[in-house]
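Let's take a walk through this model together, one stop at a time. Have the sequence and the 3D view open as you read.

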Amino acid sequence: MYNRRDFLVGATAAAAVLGLAACGGSGAGSGGPDTDAAPSDQTVGVAMPTQTYERWVADGNNIEKGLEEKGFTVDMQYADDDIPTQQQQIDQMVNKGVSALLIASIDGASLSSQLDAAAAAGIPVIAYDRLLTDSENVDFYVTFDNYKVGVNQANALLFGLGLLDEKFEKAADAPKGPLNVELFAGSLDDNNAHLFWKGAIDTLQPYFDDKTLTVLSGQMDIEQAATQRWEQETAQKRMENLLTTHYNGGEELAGVLAPADPLSRGIINALQNAGLGPTLEEGLPVVTGQDAEIASIKLIADGVQSSTIFKDTRQLAEQAIVAAESILKGEDPEANDTETYDNGVKVVPSYLLEVQMVLESNYKEILVDSGYYTEEQVSSGQL
């Protein structure tokens with residue numbers, strides 16, 4: 001069973017009541033919040049990693065719209081997945097004297113000097129969906145329950161393979177195995193990738209232990225499975241290499257654990273190009289995903305991609321705005337987790353949101369009925 005304390009690295013009981021270290025500020029002119037200032041007199045700096053990944057565009061739009069509706073000025077910057085660019089952007093925000101920083105990092109450990117400068121200027125920092133690591137100057141973290149993301153991905157794989165039934169209990173007619181699967185992980189510089197992996201592997205391990213599942217390539221360490229920068233092309237190339245090296249003698253691949261939709265689509269491209277079936281019904285291996293990107297939702301609706309994980313970025317942006325408002329008023333944001341997210345220096349108080357597994361059977365209910373996508377968008381695979 002998952003125990004959040006397993007993630008703690010030398011944390012003490014006192015970490016559970018960590019307060020905000022840098023919320024005092026030194027006035028709007030020199031950076032940091034003036035708790036008496038109106039929102040119209042305050043600027044929130046927002047640093048996003050890239051515009052090439054659909055979800056980050058949605059995140060940025062939701063955050064900017066929400067903050068502006070509250071009356072704040074927003075300095076929104078995208079770094080095109082280039083670490084020096086993001087460092088420079090945040091340096092400029094600090095030098096301009098923003099009231100608060102909201103950062104979705106490219107590499108969570110790469111911004112220590114920027115966070116030091118923010119702290120020196122009294123500017124509080126909220127980590128957005130990606131934990132900022134190796135620094136004490138992180139005041140709050142808003143994210144999803146990333147361990148549960150991995151659990152859900154693994155369960156979606158087991159369901160797609162017929163090992164679990166619709167109640168996600170052991171299927172009465174489950175195949176005996178061994179079933180061959182391959183494992184993909186995200187970018188090692190993203191703390192979330194490690195949590196996704198742990199959640200998935202903890203869930204799949206009993207099936208590896210009893211030989212129901214096997215990884216024919218033997219690549220079962222996160223370092224072997226990692227996909228730098230979450231790139232679709234990298235995932236596709238690795239899948240092609242796995243097929244060429246380990247599945248060239250009639251061996252059957254049953255499924256692939258993929259941690260994000262761009263990777264899923266690259267993997268599916270490789271599988272289809274190798275003639276492994278255009279659809280699941282016609283023999284395509286089960287492929288998981290994450291982020292409910294519109295192109296992947298079309299694939300799910302078309303019976304190509306097996307599943308994805310929906311993380312409602314509308315809710316995440318809303319929670320980030322609530323946290324920012326609290327900090328800018330000199331208050332402590334509401335946290336529902338004060339134990340899990342040890343960034344190597346401190347346990348960062350966090351607010352975790354729930355996630356949902358999306359399948360062909362429920363994508364309409366979860367995504368269309370909620371207004372996240374329209375039927376037309378799903379049909380076209382485009383926003």
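**Strand 5 and its surroundings**

Begin with the side chains of strand 5: Phe140, Val142 and Phe144 point one way, Tyr141 and Thr143 point the other way, and all are buried. Keep in mind as you look that this is a predicted model. How many of the residues of strand 5 are buried? The strand covers residues 140-144, and 5 of the 5 are buried, so strand 5 is largely enclosed by the rest of the structure.

Now look at the strands that pair with it. Strand 4, residues 125-128, runs parallel to strand 5, and 3 bridges join the two. Here you can find isoleucine 126 standing opposite phenylalanine 140 of strand 5. Strand 5 also pairs with strand 11, residues 350-353, again in the parallel sense and over 4 bridges. In that pairing, tyrosine 141 has serine 350 of strand 11 as its bridge partner.

Our next stop is a loop residue. Threonine 288 lies in the loop between strand 9 (286-287) and helix 9 (294-301). Is threonine 288 buried or exposed? Its relative accessibility is 0%, and buried means under 20%, so threonine 288 counts as buried.

What surrounds threonine 288? Beyond its neighbours within four places in sequence, threonine 288 is in contact with Gln153, Ala156, Leu157, Val256, Leu257, Ala258, Ser264, Gln305 and Ser307. Take a moment with Ala258 in that list: the side chain of threonine 288 reaches the backbone nitrogen of alanine 258 at 2.8 Å.

Notes: Residues are numbered from 1 along each chain as its sequence is written. This is a predicted model: local features need pLDDT of at least 70, side-chain atom pairs count only at pLDDT 80 or more; totals for chains, interfaces and linings use all residues. Side-chain values use heavy atoms; hydrogens and water are left out. Buried means under 20% relative accessible area, exposed over 50%, partly exposed in between (1.4 Å probe, protein chains only). Two strands pair if DSSP finds at least two bridges between them. A polar contact is a pair of N or O atoms within 3.5 Å; within protein, one must be able to donate a hydrogen and the other to accept it, and residues adjacent in sequence count only if both atoms are side-chain atoms. Contact means heavy atoms within 4.5 Å.
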